[in-house]
Amino acid sequence: MSFEKMKLTAMQVQAFMAGRSDRPVSEVVPLSGGEWSQAFGFKQAGQDLVVRFGQHQEDYLRDQFAAQHFGSVGLPIPNVLEVGEAFGGYYAVSVRAYGTMIDDLDKPAMRRVVPSLMSTMDAMRTADVSQSTGFGHIHADGNAGHASWYEVLLDVASDHPDMKIHGWKEGLRDSLIGIQPFEEAYAALAELARDLPEVRSLIHNDLINFNVLVNNDHITAVIDWANALYGDFLYDLAQFTFWGPLHDPVKGIDWEAKARAHYKAIGLRVPEFERRLRCCMIHMGLGAQAYYGYKKDWTYLESVAKRTLELAKK
């Protein structure tokens with residue numbers, strides 16, 4: 001299976017969307033999409049909709065599952081109306097959400113949205129996951145394949161042939177820094193994560209990559225659940241604490257302090273907060289190194305490897 005992004009034109013999409021229904025289609029416009037999908041906005045039957053095209057049907061089915069089972073006022077997830085085959089791959093039609101991506105917010109606006117972001121993470125933490133099983137990446141049926149959170153954390157060193165980023169180890173070995181920083185941090189994670197609390201909550205796992213929309217300082221949509229997990233809810237917080245020093249949109253905020261204050265305000269006790277968060281951050285750094293190794297993109301690899309090792313040796 002090809003993992004390359006499709007390269008469709010608005011004219012092709014217009015013809016495809018018009019051909020699947022007798023309802024007129026108008027205003028087909030390309031949107032930013034994501035790493036693996038092309039996206040287009042369009043109007044049909046008085047609705048503002050989005051269609052995405054890509055090679056990964058399961059990603060779209062995860063979105064559909066998330067919207068049906070976890071979507072709420074506190075966790076707004078656009079409904080996925082249709083998933084099918086198109087152009088040698090797959091497509092998904094969903095209701096279009098509007099707002100500004102949190103990645104595009106200026107510093108004052110980012111600070112103002114923190115309370116809404118914390119509430120959204122609360123909604124994921126408290127989402128009912130009792131009808132599903134397993135830890136780790138959520139499959140299209142809503143279940144996950146690992147027996148424990150510890151097992152998920154250690155699986156970051158795997159390079160399975162069916163992974164989107166298969167071949168990442170070879171890429172890291174070819175890089176200037178090599179694979180040794182990864183292996184050193186991984187060994188530290190394996191030791192640090194022993195006997196962690198087996199917390200099982202819903203995790204989005206991609207909140208700072210143009211997947212959260214905001215309007216008037218409130219989150220209006222959380223999109224793209226392709227990387228969603230079951231596991232420690234601190235993992236979503238770790239996105240902000242890990243990337244805080246490196247990623248410009250979230251710099252300048254003490255995310256850990258904000259979270260501690262929020263948990264205190266709502267009366268939530270988080271046992272072993274520091275160790276759990278640190279494990280999540282090390283795992284995140286290792287996953288980022290694997291991704292950059294696959295992409296052979298060395299722009300951020302050295303800084304990510306350095307930060308991961310600092311956390312591992314802390």
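**A sheet with two helices, and a helical region further along**

In this predicted model, five strands form an open sheet in the order β1-β2-β3-β5-β4, and their pairing is antiparallel. The edges of the sheet are β1, residues 25-31, and β4, residues 80-86, each of which pairs on one side only. On average, neighbouring strands of the sheet are turned by 20 degrees against each other, direction ignored.

The pairing at one edge can be followed in detail. Strand β2 covers residues 38-44, runs antiparallel to β1 and is joined to β1 by five bridges. Within this pairing, serine 26 has lysine 43 of β2 as its bridge partner.

Two helices pack on the sheet. Helix α1, residues 10-19, touches β1, β2, β3 (47-54), β4 and β5 (89-95). The direction of α1 makes about 140 degrees with that of β1. Helix α2, residues 57-70, touches β3, β4 and β5. The angle between the direction of α2 and that of β4 is about 170 degrees.

Further along the chain, leucine 192 is a useful place to look. Leucine 192 lies in helix α6, which spans residues 180-192. Its relative accessibility is 17%, and because buried means under 20%, leucine 192 counts as buried. Which residues does leucine 192 touch, leaving aside those up to four places away in sequence? They are Arg275, Arg278, Cys279 and Ile282. For one of these, arginine 275, the C-alpha atom is separated from that of leucine 192 by 7.6 Å, although the two residues are 83 apart along the chain.

Arginine 275 falls within the residue range of helix α9, 273-295, and the axis of α9 comes within 8 Å of that of helix α7, residues 234-243. The two axes cross at roughly 70 degrees. Angles of 65 to 115 degrees count as roughly perpendicular, so α7 and α9 are described that way. The crossing of α7 past α9 is right-handed.

What meets at this crossing can be listed from both sides. From α7, the residues are Leu234, Tyr235, Leu237, Ala238, Gln239, Thr241, Phe242 and Trp243. From α9, they are Phe273, Arg276, Leu277, Cys280, Met281, His283, Met284, Gly285, Ala288 and Tyr292. How many of the residues in the contact of α7 with α9 are nonpolar, polar and charged? The division is 13 nonpolar, four polar and one charged.

Methods. Residues numbered from 1 in each chain as written. Predicted model: local features only at pLDDT ≥ 70, side-chain atom pairs only at ≥ 80, totals over all residues. Heavy atoms only, no water. Pairing = 2+ DSSP bridges. Helix = DSSP H or I, 4+ residues; strand = E, 2+ residues; numbered from the N terminus. Axes fitted to C-alpha atoms, helices over the stretch in contact; angles between N-to-C directions. Contact = heavy atoms within 4.5 Å. Buried < 20%, exposed > 50% of the residue type's maximum accessible area, 1.4 Å probe, protein only. Parallel < 35°, antiparallel > 145°, perpendicular 65-115°, else oblique. Left-handed = near helix turned anticlockwise from the far one by under 90°. Nonpolar A, V, L, I, M, F, W, Y, C, P; charged D, E, K, R; others polar.
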